[in-house]
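Please open the model in a viewer and keep the selection panel at hand. The tour below proceeds from one selection to the next and states what is to be found at each stop.

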Amino acid sequence: MATYLVLCVVILKLATAFGSTPNDTLNEACGGVSLGFGIFQDICPEAEAIIFSWVEKAVSNDPRMAASLLRLHFHDCFVNGCDASILLDDTENFVGEKTAGPNLNSLRGFEVIDAIKSELESVCPQTISCADILATVARDSVVLSGGPAWEVQMGRRDSLSASKEAANNNIPGPNSTVSTLVATFQNVGLSLNDMVALSGAHTIGKARCSTFSTRLQGTNQNGADINLDFAASLQQLCSGSDSSTTLAHLDLVTPATFDNQYYVNLLSGEGLLPSDQVLVSGNEQTRKIVETYAEDPFVFFEDFKLSMLKMGRLGELTGSNGEIRRNCRSIN
């Protein structure tokens with residue numbers, strides 16, 4: 001299968017280089033190709049090292065960037081699959097996903113993706129898709145923050161379209177109940193266990209006061225308990241006139257380290273977002289998983305890796321579907 005994947009990549013690359021459109025024979029030959037491990041090792045062996053180098057530089061300059069790059073992959077995959085639609089800019093006759101409610105003035109790290117793509121295009125033109133870049137920077141961001149490593153499946157192709165409507169509807173909000181979270185994840189093919197494991201990404205990063213305003217009281221509208229000392233510290237942080245832009249750490253204890261502290265915090269009533277704390281207070285099944293992850297970080301790491309691989313396969317464009325963008329912000 002790996003050899004077959006490489007062959008299809010080479011055929012498609014040559015077809016593009018000579019200005020050809022993949023014909024029916026190629027569609028038939030490569031249309032059913034799925035993702036694979038190490039498929040670019042022979043034709044672009046420098047790819048992962050180039051990506052890692054840029055992520056390492058970005059996170060070194062701004063530790064928060066690790067969470068931002070990881071979040072880009074999440075927000076991409078939940079909208080019609082992992083196809084880099086999140087990266088497309090608006091134009092006069094095209095509306096992308098960047099101005100959707102969950103993304104506007106929230107997502108960041110696009111310039112890191114641009115830099116990576118630019119170098120990859122100079123070394124291996126039209127070989128590594130923007131979607132594969134997003135999946136790889138997500139892994140690298142976790143590793144650079146002290147989290148687990150895994151081999152990223154590659155072979156995705158980039159979308160020719162985007163959906164602002166789907167971005168507004170498909171991405172879980174910070175005030176979601178457990179039932180809403182479960183439904184949202186199940187709608188894209190992810191399980192309840194995947195949901196709890198992937199929520200652990202909130203062990204790094206920050207959130208604006210406006211996203212957890214209901215946590216400033218003793219409970220939120222979903223009945224999620226809160227540590228009163230924690231609530232008091234949040235009230236103080238968010239009491240300023242510019243509180244709408246004030247940021248709080250999602251994990252106050254180890255804010256830049258990818259670990260299981262997020263789950264420990266939930267059991268202490270110190271989940272920042274309402275959608276975090278309800279994992280403990282809103283459902284017995286999710287609470288038990290939280291307890292397991294809080295007790296054993298290795299179980300969390302293993303489940304997180306598996307769920308990331310599963311999420312990375314959502315709605316994959318492979319074979320002759322989509323394209324390999326030259327610039328991640330626009331279709332070719």
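Select E121 and K117 in this predicted model: the two residues form a salt bridge, with the closest N and O atoms 2.9 Å apart. Both belong to helix α5 (residues 110-123), where a spacing of four residues separates E121 and K117 by about one helical turn. An α-helix has 3.6 residues a turn, so residues three or four places apart point the same way. E121 has a relative accessibility of 15% and therefore counts as buried, the limit being under 20%. K117 is likewise buried, at a relative accessible area of 2%.

Keep K117 selected and add helix α6. The axes of α5 and α6 lie 11 Å apart, and the two helices pack at an angle of about 120°; α5 and α6 are therefore oblique to each other. Their crossing is right-handed. On the α5 side the contact is made by I113, I116, K117 and L120, and on the α6 side by C130, I133, L134 and V137. Which classes of residue make up the contact of α5 with α6? Seven are nonpolar, none is polar and one is charged.

Next, select R139, which lies in helix α6 (residues 130-144), together with E48. The side chains of R139 and E48 meet in a salt bridge, at 2.7 Å from N to O. E48 lies in helix α3 (residues 47-61), so the pair ties together parts that are 91 residues apart in sequence. Is each partner buried or partly exposed? R139 counts as buried, at 9% relative accessibility, whereas E48 counts as partly exposed, at 31%.

From R139, move to E151, which is found in the loop between α6 and α7 (164-170). Setting aside residues up to four places away in sequence, E151 touches F37, G38, R139 and L309. At 45% relative accessibility, E151 counts as partly exposed. A distance label drawn between the C-alpha atoms of E151 and T136 should read 8.8 Å, the two residues being 15 apart along the chain.

L309, one of the residues touched by E151, leads on to helix α14 (residues 297-311). Select E302 and K305 there: a salt bridge joins E302 to K305, and the closest N and O atoms are 2.9 Å apart. The two are three residues apart in α14, a separation of about one helical turn. E302 is partly exposed, with a relative accessible area of 42%, but K305 is buried, at 18%.

Keep α14 displayed and select helix α9 (residues 192-199), which is mostly covered, with seven of its eight residues buried. The buried residues are L192, D194, M195, V196, A197, L198 and S199. Which helices do the buried residues of α9 pack against? To display them, add α4 (65-77), α8 (178-187), α11 (261-267), α12 (274-281) and α13 (284-295) to α14.

For the last stop, select D89, K98, D114 and R329, which are linked in a network of salt bridges. Side chains of opposite charge can pair when their charged atoms come close. How many salt bridges does a search of the whole structure find? The search finds 11, among them the pairing of R139 with E48.

Definitions and conventions
Residues numbered from 1 in each chain as written. Predicted model: local features only at pLDDT ≥ 70, side-chain atom pairs only at ≥ 80, totals over all residues. Heavy atoms only, no water. Salt bridge = Lys/Arg side-chain N within 4 Å of Asp/Glu carboxyl O. Buried < 20%, exposed > 50% of the residue type's maximum accessible area, 1.4 Å probe, protein only. Axes fitted to C-alpha atoms, helices over the stretch in contact; angles between N-to-C directions. Parallel < 35°, antiparallel > 145°, perpendicular 65-115°, else oblique. Left-handed = near helix turned anticlockwise from the far one by under 90°. Contact = heavy atoms within 4.5 Å. Nonpolar A, V, L, I, M, F, W, Y, C, P; charged D, E, K, R; others polar.
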